[in-house]
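Colleague: I am new to this structure. Please pick one part and take me through it closely.

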Amino acid sequence: MPTESVDNVVREAGRRVLTMEADALLTLAGSLDSAFDEAVDILAGASGRVIVTGMGKSGHVAIKIASTLASTGTPAHFVHPGEAAHGDLGMIARGDALLALSNSGGTVELAPVIAHAARYSVPLVAVTANADSPLAEAAALAVVLPTVCEACPMGLAPTTSTTMMLALGDALAVALLERKGFSADDFRILHPGGSLGASLKLVSDIMHAGDSMPLVRPDTLMAEALIEISSKAFGCVGVADGAGALLGIVTDGDLRRSMSIDLLQRPVSAIMTASPKTIRPRALVAEAVAVMNESQITALFVVEDGLPVGIIHVHDCLRAGIV
């Protein structure tokens with residue numbers, strides 16, 4: 001068979017699988033009902049942790065769901081049903097909620113976990129495609145997946161079913177996140193590393209404060225202001241009144257526009273740009289970058305209650321990994 005024909009067959013298989021799984025997700029979205037709302041209520045009501053469990057491919061999905069829940073403000077961990085009867089049942093306690101995944105609902109390895117949950121009044125939320133299964137019948141609530149064909153040509157390998165489980169886990173995590181009012185600042189605390197952690201850094205994390213800020217009074221002569229600009233190396237100087245409030249800023253652009261023979265003898269108030277662009281200390285660094293890009297400037301004073309508390313330069317943002 002020609003190489004091009006082989007490539008077409010392979011590519012068509014890929015498209016078929018992706019289309020089937022995308023269609024399954026649309027079917028799942030359309031099938032959500034009050035059971036989803038009740039599942040969120042049960043999981044949100046746990047004073048302890050959400051325990052996520054499943055066997056085989058459902059177990060792999062359960063691990064990811066537990067991780068997503070934990071990283072979005074819902075304390076959670078995975079319990080392997082095969083290990084549960086050998087001591088790991090101790091990971092499940094009163095006050096927890098149990099989220100059990102099984103497409104068939106008949107996974108025998110889940111039996112000890114289900115029994116333990118019942119013994120300690122741990123509410124069980126089942127995710128299954130079989131509403132009449134032992135798992136669904138034992139659960140306080142069953143979220144039933146719609147019946148769809150697996151993308152495997154033999155209809156055997158878990159594909160569309162596990163994709164739906166994974167997506168449903170994301171839906172539960174995000175619904176819980178929004179219900180709890182989990183903020184970007186909360187997210188930042190749980191994700192300090194990598195590019196995601198960098199994108200969630202706050203301006204206050206990287207700003208220069210105290211004596212590092214280039215600041216002068218309105219009546220300061222430009223000769224002295226230039227020394228402040230050069231020594232602080234931000235390419236600008238802020239102008240603050242006697243109460244410390246930021247009145248304006250003098251940048252290299254202001255200097256070029258005001259160039260004259262008597263420039264050094266003029267007060268900064270005569271050439272400053274009044275009401276300059278500023279940023280909040282609790283703003284994300286990415287927001288500061290957006291302001292600088294939009295205004296075509298390279299530095300921003302950080303202001304709180306009208307008072308400058310720091311300054312941030314575009315180079316600080318680059319060093320923090322924000323581009």
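What follows is a close look at one strand, its partners and the pocket it helps to line.

Colleague: Take strand 11, please. Is it buried or exposed, which strands does it join, and which elements line the largest pocket?

Modeller: One caution to begin with: this is a predicted model. Strand 11 covers residues 299-304. Of its 6 residues, 5 are buried, so the strand is largely enclosed by the rest of the structure. The cut-off for buried is under 20% relative accessible area.

Now the partners. Strand 10, residues 278-279, runs parallel to strand 11. The two are joined by 2 bridges. One bridge pairs isoleucine 279 with valine 302 of strand 11. To get from strand 10 to strand 11, the chain passes through helix 13, residues 285-295. That β-α-β crossover is right-handed.

Strand 12, residues 307-313, runs antiparallel to strand 11. Here 6 bridges do the joining. Valine 303, for instance, has proline 308 of strand 12 as its bridge partner. Strands 11 and 12 form a hairpin, with 2 residues between them. Look at aspartate 305 in that turn: its phi is positive, about 55°.

Positive phi turns up elsewhere too. Follow the chain back from strand 10 and you reach serine 275, in the loop between strand 9 (273-274) and strand 10. Its phi is near 50°, a positive value in a residue other than glycine. Serine 275 counts as exposed, at 66% relative accessibility. Serine 121 is another case, with phi near 55°. It sits in the loop between helix 5 (111-119) and strand 4 (124-128). Serine 121 is exposed as well, with a relative accessible area of 57%.

Back to strand 11, and on to the pocket. Strand 11 supplies at least two residues of the lining of the largest pocket. Strand 8 (246-251) and helix 12 (252-257) each do so too. Helix 12 gives the most, with 5 residues. The lining has 19 residues, and those nearest the pocket centre are Ile249, Thr251, Ile297, Thr298 and Ala299. By class, the lining splits into 7 nonpolar, 7 polar and 5 charged residues. The space in this pocket comes to about 360 Å³.

So keep this picture of strand 11. It is largely enclosed, with 5 of 6 residues buried. Strand 10 runs parallel to it, and strand 12 antiparallel. It also helps line the largest pocket.

Terms used: Residues numbered from 1 in each chain as written. Predicted model: local features only at pLDDT ≥ 70, side-chain atom pairs only at ≥ 80, totals over all residues. Heavy atoms only, no water. Buried < 20%, exposed > 50% of the residue type's maximum accessible area, 1.4 Å probe, protein only. Helix = DSSP H or I, 4+ residues; strand = E, 2+ residues; numbered from the N terminus. Pairing = 2+ DSSP bridges. Right-handed = clockwise from strand over helix to strand, strands pointing away. 1 Å grid on protein atoms, 1.4 Å probe; cavity = no way out; pocket = protein on both sides within 12 Å on 5 of 7 lines; lining within 4 Å. Points joined across faces, edges and corners; volume = space filled by probe spheres on them. Nonpolar A, V, L, I, M, F, W, Y, C, P; charged D, E, K, R; others polar.
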